[in-house]
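Biologist: Could you take a close look at the pockets and cavities in this one for me? I'd like the linings spelled out, along with whatever helix packing goes with them.

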Amino acid sequence: MSVVTDEAGVARCAWSAGDAEYRRYHDEEWGVALHGDRPLFEKLSLEGFQAGLSWITILRRRPTFRRAFADFDIDAVAELTPADVERLMLDPGIIRNRAKIEATASNGRITRELVHDDPGALDRMLWSFAPDRRARPPRGGEVPAVTPESTAMSKSLRALGYRFVGPTTLYALMQSSGMVDDHIEGCWRTGS
């Protein structure tokens, strides 16, 4: 099943059907063009925390993540200390994975260096991997998990020292930030 229709007659991608927050996210955020160094750094960080988990787990905890990581202010995250990591390891509102917390701090330092003298550099770099238009997936089973573009983005970020930026994670970033539009044929978001 690729598209489901709710009680009001609205057809959506099937993955969003089981949860009200997923439906809101699908309708308002997923596939919508997202720009700006801070918003994309937040999305990159949250996608890294999502690795190995379901997105709804992260989505439900996003307010707590935002509080814990100073609304993903790049400078604030870059300044996280080992004591901050220990504090975050005790926060039940986030994913308490030391490697992911430390990676977020490290990625914050890399991002700060990247954008310090060139605001918008993270935005431009990530969006440079957005593919030209491609055919809309007709069914959910035809949505890729990895693409040549997400693989190239991963290689580029890893070369800079970023962590938790594998090709699958970055394809999810591309979907969630509107670099690609994987709404299934028949979903109201496609206009069909």
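Modeller: Helices H1 (20-28), H2 and H9 (167-176) each put at least two residues into the lining of the largest pocket. H9 gives the largest share of that lining, with 6 residues. Bear in mind that this is a predicted model. The volume of the largest pocket comes to about 530 Å³. It has 24 lining residues, and the closest to its centre are Trp-15, Trp-30, Trp-55, Ala-172 and Gln-175. Sorted by class, the lining of this largest pocket is 15 nonpolar, 7 polar and 2 charged residues.

H2 is worth following further, into its packing with H6. Helix H2 covers residues 37-50 and helix H6 covers residues 98-116, and the two pack at an angle of about 155° with their axes 10 Å apart. That angle makes H2 roughly antiparallel to H6, because anything over 145 degrees counts as such. The crossing of H2 and H6 is right-handed. On the H2 side, the contact is made by Asp-37, Phe-41, Ser-45, Gly-48, Phe-49 and Gln-50. H6 brings Lys-100, Ile-101, Thr-104, Asn-107, Gly-108, Thr-111 and Val-115 to the contact. By class, the contact between H2 and H6 breaks down into 4 nonpolar, 7 polar and 2 charged residues.

The pair turns up again when you go looking for enclosed space. There is 1 cavity of 30 Å³ or more in the structure, and the largest cavity holds about 60 Å³ of space. H2 and H6 each supply at least two residues of its lining. The residues that line the largest cavity are Leu-44, Ser-45, Gly-48, Phe-49, Lys-100, Ala-103, Thr-104, Asn-107, Arg-163, Phe-164 and Val-165. Several names are on both lists: Ser-45, Gly-48, Phe-49, Lys-100, Thr-104 and Asn-107 take part in the contact of H2 with H6 and also line the largest cavity. As for classes, the lining of the largest cavity divides into 5 nonpolar, 4 polar and 2 charged residues.

That leaves the second largest pocket, with about 200 Å³ of space. Its lining includes a run from Pro-131 through Asp-132, Arg-133, Arg-134 and Ala-135 to Arg-136. Gly-178, Met-179, Val-180, Asp-181 and Asp-182 line the second largest pocket as well. If you're thinking about electrostatics, here's the class count for the second largest pocket: 4 nonpolar, 1 polar and 6 charged residues in the lining.

How values were computed:
Residues numbered from 1 in each chain as written. Predicted model: local features only at pLDDT ≥ 70, side-chain atom pairs only at ≥ 80, totals over all residues. Heavy atoms only, no water. Axes fitted to C-alpha atoms, helices over the stretch in contact; angles between N-to-C directions. Helix = DSSP H or I, 4+ residues; strand = E, 2+ residues; numbered from the N terminus. Parallel < 35°, antiparallel > 145°, perpendicular 65-115°, else oblique. Left-handed = near helix turned anticlockwise from the far one by under 90°. Contact = heavy atoms within 4.5 Å. Nonpolar A, V, L, I, M, F, W, Y, C, P; charged D, E, K, R; others polar. 1 Å grid on protein atoms, 1.4 Å probe; cavity = no way out; pocket = protein on both sides within 12 Å on 5 of 7 lines; lining within 4 Å. Points joined across faces, edges and corners; volume = space filled by probe spheres on them.
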